[in-house]
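Let's go through this one by asking how each label is earned. Keep the structure open beside you as you read.

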Amino acid sequence: MSEAWQQRLADARAHRQQTERWRTRQVAKNNTLDFAGNDYLGLTLDPRVCEAQAEGARRFGAGAGASHLVSGHLEIHDTLEEALARWTGRERALLFSTGYMANLGVLQALADRHTAIFQDRLNHASLIDGAALSGARSRRFHHRDAIDLNSLLARSECAHKLVVSDGVFSMDGDIADIATLVEVSQQHSAWLMIDDAHGVGVLGDNASGCVGNTWSSKDVPILVGTLGKALGTAGAFVAGDTELIDHLIQFSRSYVYTTAQPPAISAATLKALEIVQGEPERRAQLNANIAYFRREALHLGLALSDSATPIQPLILGDETRTLGWALHLQQKGIQVGAIRPPTVPKGESRLRVTLSARHQHDDIDQLLAALHHCQHQEALCSPCA
Ligand code: PMP
């Protein structure tokens with residue numbers, strides 16, 4: 001083994017001690033208050049969704065048994081794809097096993113070295129990795145900055161241009177300015193892809209996300225949504241016109257060369273989708289929780305980012321400080337995400353607090369009290385963990 005490799009492994013060992021400590025605590029999270037996950041509507045534990053999954057397993061088996069193009073594509077997959085297409089106002093939808101795979105698969109299938117991809121600087125890692133896999137020329141524009149995007153597009157001589165953005169930014173909680181992205185993309189004859197992983201189920205008309213029924217496939221031709229967040233199950237979908245979906249079925253390697261989504265998951269997702277559409281009070285409860293948390297946190301003087309979504313980051317800057325706050329919360333039985341580089345830029349470490357419809361005011365009060373304790377301890381100049 002070369003010296004460079006040995007060094008790499010030694011670095012990883014050193015890093016592991018810190019990560020392991022954190023991970024062990026996460027595994028032991030029974031009875032903790034979860035303000036870290038993405039179960040925004042509280043559907044992961046909904047008895048109707050769980051029962052649909054159990055019934056799905058009894059009817060169709062525990063797994064699909066093969067990839068979609070071999071023998072793994074069942075009627076329940078079709079039914080779910082049709083429901084997702086209707087929900088988002090698209091002609092068709094295509095299931096992927098995860099959101100990560102959907103983004104890799106779309107970019108690899110649509111872009112090549114003759115394509116230029118323009119990505120928001122804060123896009124999710126799967127979009128960055130998908131662009132790298134495609135071999136396209138990649139450019140990053142400043143976060144939500146249409147002027148920067150416009151000037152990059154204007155300077156590009158590539159015939160095929162693709163603009164890519166998260167719908168809701170996963171570490172910041174802010175929402176892409178879809179209207180401007182549509183306008184700028186159209187001005188430069190570029191395709192537009194929006195990954196609305198954190199928007200579907202939470203935002204927009206009929207909870208279909210920040211793109212869904214608001215923007216047609218002429219404006220946003222490529223829409224990605226995930227099922228493991230607000231819908232509470234697992235997997236993802238790409239929604240768009242028939243030509244797009246047919247192309248992905250043929251050429252998207254992360255669709256073609258992998259086992260199809262377990263049909264029981266599709267059955268559970270269908271039930272979750274029915275609940276999302278039929279019970280708008282869940283979103284109302286989520287929005288009330290967001291408003292309550294923000295009002296009280298700002299009242300305490302906590303430095304919240306400007307976010308109207310369930311993702312409420314509290315930027316603390318320093319990594320050690322962030323871990324200290326998160327560990328204190330953990331000791332109080334409260335789980336939040338401690339997000340550090342490389343997931344976010346250096347100096348922007350943060351607690352990623354996420355809210356859910358299932359939180360009670362009392363849960364949020366406990367979180368606020370623990371955050372206030374950290375603030376107070378710092379004011380006394382002693383480490384809080
Ligand atoms: N896109 C975004 C914006 C995400 O936040 C995530 C998950 N964190 C993904 C894609 C990947 O989705 P999945 O977890 O289903 O792979």
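Q: What makes S189 count as exposed or buried in this predicted model?
A: S189 has 10 C-beta neighbours inside 10 Å. The label "exposed" goes to residues with 12 or fewer, so S189 counts as exposed.

Q: Where does S189 lie, and what is its phi?
A: S189 lies in the loop between helix 8 and strand 6, just after helix 8. Its phi is near 50°, a positive value in a residue other than glycine.

Q: Why is N206 called partly exposed?
A: Count its neighbours again: N206 has 14 C-beta neighbours inside 10 Å. Exposed means 12 or fewer and buried means 20 or more, so N206 lands in between and counts as partly exposed. You'll find N206 in the loop between strand 6 and strand 7 (222-226). Phi of N206 is positive too, near 55°, and N206 is a residue other than glycine.

Q: How do you know whether I222 is buried or exposed?
A: I222 has 24 other C-beta atoms within 10 Å. The bar for buried is 20 or more, so I222 is buried. I222 is found in strand 7.

Q: Which residues is I222 in contact with, leaving aside its neighbours within four places in sequence?
A: I222 is in contact with V106, W191, L192, M193, V238, G240 and L244. V106, taken in the same way, is in contact with G130, M193, I222, V224, V238, L248 and S252.

Q: What is special about V106 in the largest nonpolar core?
A: That core has 105 residues, and V106 is one of those that touch the most other members, along with L94, F118, F237, V238 and V336. Helix 11 (residues 263-278) gives the largest share of this core, nine residues.

Q: Why does this core lie between domain 1 and domain 2?
A: Domain 1 (18-38 + 280-379) and domain 2 (47-278) both give residues to the core, so the core lies between them. As a general point, nonpolar side chains tend to be buried together in soluble globular proteins.

Q: How do you know that I178, L181, V184 and S185 are on the same side of helix 8?
A: These four are buried in helix 8 (residues 178-187). Around the axis, they cover an arc of only 135°, which puts them on the same side of helix 8. The face turned away from that buried side carries the exposed residues A179 and Q187. As for packing, the buried residues of helix 8 pack against helix 7 (146-155), strand 5 (160-166) and strand 6 (191-195).

Q: What makes strand 9 and strand 11 edge strands?
A: Take the open sheet of three strands, in the order 9-12-11, with antiparallel pairing. Strand 9 (311-317) and strand 11 (337-339) each pair on one side only, and that makes them the edges. From one strand to the next, the twist averages 25°.

Q: How do you know that strand 9 and strand 12 pair?
A: Pairing needs at least two bridges, and six bridges join strand 9 to strand 12 (residues 349-354), so the two strands pair. For example, I311 stands opposite T354 in strand 12. Helix 13 (residues 319-331) lies across strand 9, strand 11 and strand 12, running at about 30° to strand 12.

Q: What kind of peptide bond joins P341 and P342?
A: A cis peptide bond, with omega about 10°. P342 is found in the loop between strand 11 and strand 12.

Conventions: Residues numbered from 1 in each chain as written. Predicted model: local features only at pLDDT ≥ 70, side-chain atom pairs only at ≥ 80, totals over all residues. Arc of directions from axis to C-beta. Contact = placed C-beta atoms within 7 Å. Core = buried A, V, L, I, M, F, W, Y, C linked by C-beta atoms within 7 Å. Domains from an automatic or database assignment. Axes fitted to C-alpha atoms, helices over the stretch in contact; angles between N-to-C directions.
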